[in-house]
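Let's get to know a new structure by working through a few exercises. Have a go at each task before you read the solution.

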Amino acid sequence: MDRRFAQVDVFGRGPCSGNPVAVVLGAEGLTTEEMQRFSRWTNLSETTFVLPPSGSGADYRVRIFTPVLELPFAGHPTLGTCHAWLEAGGEPRDPTEIVQECGAGLVRIRRDEDRLAFAAPPMVRSGPASEEEAARVAAALGVDRSKLLAVEWVDNGPGWIAALFESAERVLELKPTAVGFDLGVVGFHPDGSEAAIELRAFFPLNGVTAEDPVTGSLNASVAQWLLGSGRLQAPYVATQGSAIGRDGRVYVSRDEGTIWVGGRSETVIASEVEL
């Protein structure tokens, strides 16, 4: 069966500068095995499959796959999928807000000028890491433990632990060794800069350390951490991908207690796939 397909660049500042996601629309009838096989073939960090909602309150349901497993939630696939669904003629029940159903539950998405933004999901694990965990983070990053201002669990599904540095410059200099867990690092840009913080996201992949270009889930949980601790004020802009030739921009705001994480989405490829 031919199904509508889009490859969407998310969080980029310009064309092909963010993080791509593959989106299969009208995925009814596909088995989990078929979805996983296609996700492995695209070889992108995530591929999503759009389905009718299974319950009331959602406009559509999405399943999110990496090349090796299914995720309950991920940030840039959420925005890229919503962009593709709207572009394909999807009409939300509420014109002011789209509701996505995924493994983590219902995720609210809103249009914000020329961007989409999702409401940050609650963290499943938060709080300071143990000294043993902090030592593992320092060793993976190849730095002395004293250089880390803080190490916190910021896990909203993928399993993130994050380390805070005093400067974005120091973050961009990092050359991590073998990382056996999902690790985010963040540092502050100088006062008066366009962006408030620089992020990088590392994870193990086939025995080596990989770096994600721009990471919505990490930005969402880091925002909850840094805003909650008073280290940042909303709204702010975060940059990510600079160390690997991308130009990501993530826009964070807070409205009546809800943290919104947004960015640009742009369709790069629109076609059909036979699945």
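Accessible areas here come from the Shrake-Rupley method with a 1.4 Å probe. Keep in mind that this is a predicted model.

**Exercise 1. Describe the chain as a whole.**

Task: work out what the chain is built from, and whether its radius of gyration agrees with that of a compact globule.

Solution:
- Start with the parts list: you should find 5 helices and 18 strands.
- Next, the overall extent. Along the principal axes, the C-alpha atoms fill a box of roughly 55 × 40 × 35 Å.
- Now the globule check. A compact globule of 275 residues would have a radius of gyration near 19 Å, and the chain has 18 Å, so the two agree.
- Then look at who meets whom. Take the contacts between residues at least 6 apart in sequence: 58% of them join residues at least 24 apart.

**Exercise 2. Split inside from outside.**

Task: find what share of the residues is buried, and what carbon and sulfur atoms supply to the exposed area.

Solution:
- Of the 275 residues, 55% count as buried.
- The chain exposes about 12100 Å², and carbon and sulfur atoms supply 48% of that.
- Charges come next: there are 24 positive and 37 negative ones, and their mean positions are 2 Å apart.

**Exercise 3. Place Thr47.**

Task: decide whether Thr47 is buried or exposed, and find its side-chain polar contact.

Solution:
- Thr47 sits in strand β3, which covers residues 47–51.
- Its relative accessibility is 0%, and buried means under 20%, so Thr47 counts as buried.
- The side chains of Thr47 and Thr42 are joined by a polar contact of 2.7 Å.
- Beyond four places in sequence, Thr47 also touches other residues, including Ala22, Phe38, Arg63 and Phe65.

**Exercise 4. Hunt for unusual backbone geometry.**

Task: look at the backbone at Phe11, at Asn43 and between Ala234 and Pro235, and say what stands out.

Solution:
- First, the background: most residues other than glycine have a negative phi, and most peptide bonds are trans.
- Phe11 is not a glycine, yet it has a positive phi of about 70°. You'll find Phe11 in the loop between β1 (2–10) and β2 (19–24).
- Asn43 isn't a glycine either, and its phi is positive too, about 60°. Asn43 lies in the loop between α1 (32–42) and β3.
- Check their surroundings: Phe11 counts as buried because its relative accessibility is 0%, whereas Asn43, at 60%, counts as exposed.
- Finally, the peptide bond from Ala234 to Pro235 is cis, with omega near 0°. Pro235 belongs to the loop between α5 (216–228) and β15 (236–240).

**Exercise 5. Follow two residues to their contacts.**

Task: list some partners of Phe11 and Leu227, leaving out residues up to four places away in sequence.

Solution:
- Phe11 is in contact with, among others, His76, Leu79, Val214, Asp247 and Arg264.
- Pro67 is 56 residues from Phe11 along the chain, and their C-alpha atoms are separated by 21 Å.
- Leu227 is part of helix α5. With 6% relative accessibility, Leu227 counts as buried.
- Among the residues Leu227 touches are Leu232, Ala234, Tyr236, Val252 and Ile259. Ala234 is one end of the cis peptide bond from Exercise 4.
- Between the C-alpha atoms of Leu227 and Leu199, 28 residues apart along the chain, the separation is 15 Å.

Conventions: Residues numbered from 1 in each chain as written. Predicted model: local features only at pLDDT ≥ 70, side-chain atom pairs only at ≥ 80, totals over all residues. Heavy atoms only, no water. Helix = DSSP H or I, 4+ residues; strand = E, 2+ residues; numbered from the N terminus. Rg over C-alpha atoms; globule rule 2.2 N^0.38 Å. Buried < 20%, exposed > 50% of the residue type's maximum accessible area, 1.4 Å probe, protein only. Contact = heavy atoms within 4.5 Å. Lys, Arg positive; Asp, Glu negative; His and termini not counted. Charge placed at Lys NZ, Arg CZ, Asp CG, Glu CD. Polar contact = N/O pair within 3.5 Å; in protein donor to acceptor, adjacent residues only side chain to side chain.
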